[in-house]
Amino acid sequence: MSNPWAPDENHATILSERFWLQGALLSNVFYGMQFTLFFICLDMLFRSFSRSSSKQHLVTIAFLVLVFVMSTLFMFSSVASTERAFIDDRNYPGGPDAYEEQMSEISLSESGNAALMIGQWVMDLLLVRVVAICP
């Protein structure tokens with residue numbers, strides 16, 4: 001039985017769009033884990049604030065907040081781009097897959113990618129610092 005509401009796209013395009021949408025949804029699950037871990041770490045740091053060096057704790061809190069903000073900006077950009085491709089501009093010639101290919105350089109996508117890269121660089125700086133301190 002044929003579905004009368006099925007999109008008029010070829011199988012490869014539909015498969016590509018399904019994987020893209022499922023990937024976008026799966027990334028939200030991982031962001032939820034990061035969200036939870038961020039607040040657990042922040043709570044632990046605030047609870048142990050009086051027991052050790054406050055300067056080191058402030059640097060760690062600033063690091064956590066910066067990485068979390070960069071990750072949040074990336075997720076916002078990713079969700080907004082997916083929303084635009086699948087809802088706002090669904091009838092773009094070639095569908096959401098073609099829209100993503102052609103519009104990947106718009107400011108929304110670029111700012112999300114920049115936030116992701118800055119967050120990665122900050123995490124790499126932390127690793128470099130830890131390796132430099134440890135013998």
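**Exercises on helices 1 and 4**

The buried residues of helix 4 (buried: under 20% relative accessible area with a 1.4 Å probe, protein chains only) are L108, S109, G112, A115, G119 and V122. The model is predicted, and its local features need pLDDT of at least 70. Residues are numbered from 1 along each chain as its sequence is written.

**Exercise 1.** State what the buried residues of helix 4 pack against, and compare the helix's reach with the expected span.

Solution. Step one: these buried residues pack against helix 2 (contact: heavy atoms within 4.5 Å). Step two: helix 4, residues 107-133, has 27 residues. Step three: the expected span is 1.5 Å times one less than the number of residues. From first C-alpha to last, helix 4 reaches 39 Å, close to the 39 Å expected.

**Exercise 2.** Find which residues of helix 1 are buried and what covers them.

Solution. Step one: T13, I14, E17, A24, Y31, F38, L42 and L45 are the buried residues of helix 1. Step two: their cover includes helix 2 (54-88) and helix 3 (95-102).

**Exercise 3.** Describe how helix 1 and helix 3 are arranged.

Solution. Step one: the two helices pack at an angle of about 70°, with axes 8 Å apart (axes are lines fitted to C-alpha atoms over the stretch in contact). Step two: helix 1 and helix 3 are therefore roughly perpendicular, a term for angles of 65 to 115 degrees. Step three: S16, E17 and W20 of helix 1 make the contact with G95, P96, D97 and E100 of helix 3.

Note on methods:
This is a predicted model: local features need pLDDT of at least 70, side-chain atom pairs count only at pLDDT 80 or more; totals for chains, interfaces and linings use all residues. Side-chain values use heavy atoms; hydrogens and water are left out. Buried means under 20% relative accessible area, exposed over 50%, partly exposed in between (1.4 Å probe, protein chains only). Helices (H or I, at least four residues) and strands (E, at least two) are DSSP runs, numbered from the N terminus. Axes are lines fitted to C-alpha atoms, for helices over the stretch in contact, and angles run from 0 to 180 degrees between N-to-C directions. Angles under 35 degrees count as roughly parallel, over 145 as roughly antiparallel, 65 to 115 as roughly perpendicular and the rest as oblique.
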